[in-house]
Amino acid sequence: MAELTRTLVSRLRAFIGNRRGEKRCPARLPFRVTPADRRVSTNGSRKTAWLDGYTADLSSTGLGLEVSAIRIGEHYLVGENRKLRVVLELPTGEVEIQVSPVRYESLEEDESTHAYIIGVRIIALSDPDRVTYDEFIRRLTNRAPLD
């Protein structure tokens with residue numbers, strides 16, 4: 001039922017227009033994602049598992065993340081009060097972004113492969129990463145050369 005609801009909302013958004021605050025720019029960039037609130041294991045060590053993917057779009061306040069799964073081990077990437085760490089590979093270098101998922105939907109491809117798009121809101125960036133990221137968004141918006 002939840003999947004049907006997400007599909008209907010997605011189609012309604014396409015029909016009546018996107019009501020997001022910031023303009024999204026299509027961009028396919030590689031990234032790695034991991035839960036920001038990784039737990040310490042019983043032996044006291046931390047394992048960092050990452051999932052690789054590509055962005056679908058970017059804005060100054062959020063990203064669309066295309067991934068092959070919505071969980072890493074027992075950690076779901078989506079859910080209430082979830083925070084994720086994203087390492088985004090820009091042409092000028094990597095930026096680390098802390099994000100919060102706001103929606104996800106299944107991308108229907110063929111039956112042998114499955115993908116999801118996760119819409120995330122940016123909640124934290126270091127000052128240098130914010131400058132780098134905002135400059136990249138500005139160049140994308142203005143269609144300036146990306147070096």
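Is Tyr104 best described as buried or exposed, and at what relative accessibility? In this predicted model, Tyr104 has a relative accessibility of 18%, which falls under the 20% limit, so the residue counts as buried. Tyr116 is likewise buried, at a relative accessible area of 17%.

These two tyrosines bring us to the aromatic pairs, of which the count is one. The ring centres of Tyr104 and Tyr116 lie 6.2 Å apart with their planes at 55°, so the pair is tilted. Because Tyr104 belongs to strand β8 and Tyr116 to strand β9, the pair ties together parts that are twelve residues apart in sequence.

Strand β9 is a good place to look next. It runs antiparallel to β8, and ten bridges join the two; Arg103 stands opposite Gly119 in β9. With β4, also antiparallel, β9 shares six bridges, and here Glu66 is found opposite Ile117. Eight of the eleven residues of β9 are buried, so the strand is largely enclosed by the rest of the structure.

The largest nonpolar core comprises 31 residues, and Leu58, Leu63, Leu88, Ile97, Val99, Ile118 and Tyr133 have the most contacts inside it. Two or more residues each come from β2, β3, β4, β7, β8, β9 and α2, with β9 giving the largest share, five residues. Beyond its sequence neighbours up to four places away, Tyr133 touches several residues, among them Leu58, Leu63, Leu88, Ile97 and Ile122.

Two arginines also meet aromatic rings. The charged end of Arg28 sits over the ring of Tyr54, 4.3 Å from its centre, while that of Arg32 sits over the ring of Trp50 at 5.1 Å from the centre.

Note on methods
Residues are numbered from 1 along each chain as its sequence is written. This is a predicted model: local features need pLDDT of at least 70, side-chain atom pairs count only at pLDDT 80 or more; totals for chains, interfaces and linings use all residues. Side-chain values use heavy atoms; hydrogens and water are left out. A nonpolar core is a set of buried Ala, Val, Leu, Ile, Met, Phe, Trp, Tyr and Cys residues joined through side-chain atoms within 4.5 Å. Buried means under 20% relative accessible area, exposed over 50%, partly exposed in between (1.4 Å probe, protein chains only). Helices (H or I, at least four residues) and strands (E, at least two) are DSSP runs, numbered from the N terminus. Contact means heavy atoms within 4.5 Å. Two strands pair if DSSP finds at least two bridges between them. Rings of Phe, Tyr and Trp (its six-membered ring) pair if their centres lie within 6.5 Å; planes under 30 degrees apart count as stacked, over 60 as edge-to-face and the rest as tilted. A charge sits over a ring if NZ of Lys or CZ of Arg is within 6 Å of the ring centre and within 35 degrees of the ring normal.
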